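Me: Please take me through this structure and explain, term by term, why each description is used.

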Amino acid sequence: MVFIYGVAGFQYPLCTILVFDSRHHALPVAWAITRSSAKPDVAKWMKALFDRVRTVDTGWKISGFVIDDAASEIEPIRDVFSCPVLFSLWRVRRAWLKNIVKKCPEMEVRREIFKRLGEIICGIWNGVDSNAAIEKFLQDFNDQTSFIQYIKDCWLPKIEMWLSIMQTVPIASQEASGAIEAYHFKLKTKLYDDSHLGAFKRVDWLVHNLTAELHSSYWLDRYADEHDTFPKVKETYIASTSWHRALQIPDSAVYFPENIHLFAKIRSLKDNNVSHTVWNPGSEFAFCDCAWFLRGNLCKHVIKVNMMCQNRQDFSDSISSRSFRELLTTLLRKPMDDSMELDKAKAWTNQMLDQVQRLVELTDAKDLGTVVDKFPLKWVYRKPRTSFGRPSTSLAPPSTSKFDSNISSPRKSCRKRKRLSRVR
């Protein structure tokens with residue numbers, strides 16, 4: 001389950017709850033429009049959402065919660081849903097990349113700045129002083145006045161908060177970031193059609209577009225995928241994320257220079273004379289020269305190169321793998337005399353290990369049915385149907401007195417009027 005804020009321009013916070021389907025696409029299941037993102041307001045609607053779901057399925061439980069904003073309140077998530085919380089780099093990565101492309105004209109300077117920003121994030125697990133690294137970064141690129149001013153105004157006051165949340169919770173994978181990006185792109189496409197009307201200030205307009213336009217489009221995509229109908233709709237839905245588009249690129253189209261880890265080249269499948277270069281391969285902050293990437297998005301070329309780098313020993317681990325390993329190491333280093341913390345650490349470690357093993361099985365398996373059959377059987381209590389609107393099955397003895405017949409006839413007519421009012 002993913003928790004993200006909406007697009008810029010709203011006069012109020014829009015929170016979206018996403019879930020991942022079998023194809024790891026992000027599907028919106030709930031929206032929350034609140035007065036603010038403060039802890040009391042967030043806890044209020046999260047508790048209402050949890051109670052609403054539990055009325056349908058009392059055994060409902062989520063495996064994890066992904067957030068993309070460091071200002072999000074984590075305590076209400078853990079208190080209400082009792083699940084691990086992960087952090088997605090999608091928002092901060094997109095904001096940095098868009099401003100680098102906008103404010104830095106030279107391509108070489110762009111990829112070097114993007115690489116250095118990724119190194120600052122990686123340094124929180126290597127024992128590097130973040131303040132010193134940021135200061136050195138500002139000095140090395142002081143000639144890029146426009147971008148440096150943007151960093152000082154928008155990120156320096158809150159950079160410690162962002163780095164702290166990255167070091168505290170696990171980092172989500174690029175697959176999750178690609179799914180979030182696909183939803184955000186579709187959300188902006190649906191909402192910005194009426195942006196010229198100044199409709200962002202109207203809550204009724206927003207509710208209509210979310211429920212009537214956006215939700216119906218996802219329903220059509222899911223229907224086409226599950227029932228194998230509308231081939232073009234299904235094909236577009238499957239290829240809506242950069243992760244699935246990267247899976248269509250064969251390994252033979254990727255070229256790594258020998259003994260050089262600075263870049264990788266990917267040959268275009270549509271035109272063999274066209275190729276794209278991915279600099280800093282193996283990192284979430286790799287830089288590509290394709291048009292989709294330069295718009296601030298996570299392109300298929302970067303994902304494909306990073307997929308192949310995971311199976312090569314001469315490349316470093318990804319940020320998500322490094323953060324996951326560091327958190328597991330921290331849990332195992334708990335003092336033995338603190339039995340409560342030690343038991344908690346072991347429980348979290350076993351739970352995460354079990355989830356990772358299941359994810360690996362689902363990813364590598366060719367037949368999902370064989371994997372699902374191995375899962376333990378889970379009995380879920382369903383709320384029984386009420387007798388509202390159904391005739392009673394109890395048999396009552398017929399009444400013979402005139403007084404009883406006079407009482408029962410108004411009740412029948414009253415029930416009939418209620419039924420007619422519901423139909424109207």
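The exchange below sets values from a predicted model against the definitions behind the terms.

Me: What makes up the secondary structure of the protein, and how many of the residues are buried, as a percentage?
Reply: The protein has 17 helices and nine strands. Of its 424 residues, 41% are buried, where buried means under 20% relative accessible area. The accessible surface comes to about 25400 Å², and carbon and sulfur atoms hold 54% of that surface.

Me: Why is Asp-41 called buried?
Reply: Asp-41 has a relative accessible area of 15%. The term buried applies under 20%, so Asp-41 with its 15% is buried. Asp-41 is part of helix H1, which covers residues 39-56. Beyond residues up to four places away in sequence, Asp-41 touches Arg-35 and Ser-36. Its C-alpha atom is 9.8 Å from that of Pro-76, and the two residues are 35 apart in sequence.

Me: Why is Asp-228 called exposed?
Reply: The relative accessible area of Asp-228 is 58%. Exposed means over 50%, and therefore Asp-228 at 58% is exposed. Asp-228 is located in the loop between H9 and helix H10 (231-238).

Me: What is notable about the phi of Asp-228?
Reply: Asp-228 has a positive phi of about 55 degrees and is not a glycine. Most residues other than glycine have a negative phi.

Me: Which other residue has a positive phi without being glycine, and where does that residue lie?
Reply: His-24 has a phi near 65 degrees, a positive value, and is a residue other than glycine. His-24 belongs to the loop between strand S2 (14-20) and strand S3 (26-33).

Me: Why does His-24 count as partly exposed?
Reply: The relative accessibility of His-24 is 26%. Partly exposed is the range between the limits of 20% and 50%, so His-24 at 26% is partly exposed.

Me: Why does Thr-211 count as partly exposed?
Reply: Thr-211 has 46% relative accessibility. Because partly exposed runs between 20% and 50%, Thr-211 at 46% receives that term. Thr-211 sits in helix H9, residues 203-227. The C-alpha atoms of Thr-211 and Trp-31 are separated by 9.4 Å, with their positions 180 residues apart along the chain.

Me: Why is Lys-190 called partly exposed, and what does Lys-190 contact?
Reply: Lys-190 has a relative accessible area of 26%, and the range for partly exposed is between 20% and 50%, so the term fits Lys-190. Lys-190 is in helix H8. Neighbours within four places in sequence aside, Lys-190 is in contact with Asn-209, Glu-213, Leu-214 and Ser-217. Contact means heavy atoms within 4.5 Å. For Lys-190 and Ser-217, 27 residues apart in sequence, the C-alpha to C-alpha distance is 9.9 Å.

Me: What makes a set of residues a nonpolar core, and how many residues has the largest one?
Reply: The members must be buried residues of the nonpolar kinds listed for a core, joined through side-chain atoms within 4.5 Å. The largest nonpolar core has 76 residues, and Trp-96 and Met-166 have the most contacts inside it. H4 gives the most to this core, with seven residues. Another core, of 15 residues, lies apart from it and includes Leu-18, Leu-187, Leu-210 and Tyr-237.

Me: Which residues does Met-166 contact?
Reply: Apart from neighbours within four places in sequence, Met-166 is in contact with Phe-87, Leu-89, Val-92, Ile-121, Ile-124, Trp-125 and Ile-171.

Me: How many cavities of 30 Å³ or more does the structure hold, and what makes a space a cavity?
Reply: There are two cavities of 30 Å³ or more. A cavity is a place where a 1.4 Å probe fits but cannot get out. The largest cavity contains about 100 Å³ of space. Its lining includes Trp-96, Leu-117, Phe-137 and Leu-163. Helix H4 (107-122), helix H5 (130-140) and helix H7 (159-168) each give two or more residues to that lining.

Me: How do the residues lining each cavity divide by class?
Reply: The lining of the largest cavity has 10 nonpolar, no polar and no charged residues. The second largest cavity, of about 90 Å³, has five nonpolar, three polar and two charged residues in its lining. Among the residues lining the second largest cavity are Arg-93 and Glu-284; Asp, Glu, Lys and Arg count as charged, so Arg-93 and Glu-284 belong to that class.

Notes: Residues numbered from 1 in each chain as written. Predicted model: local features only at pLDDT ≥ 70, side-chain atom pairs only at ≥ 80, totals over all residues. Heavy atoms only, no water. 1 Å grid on protein atoms, 1.4 Å probe; cavity = no way out; pocket = protein on both sides within 12 Å on 5 of 7 lines; lining within 4 Å. Points joined across faces, edges and corners; volume = space filled by probe spheres on them. Helix = DSSP H or I, 4+ residues; strand = E, 2+ residues; numbered from the N terminus. Buried < 20%, exposed > 50% of the residue type's maximum accessible area, 1.4 Å probe, protein only. Areas by Shrake-Rupley, 256 points an atom, 1.4 Å probe, with all protein chains shown as cover.
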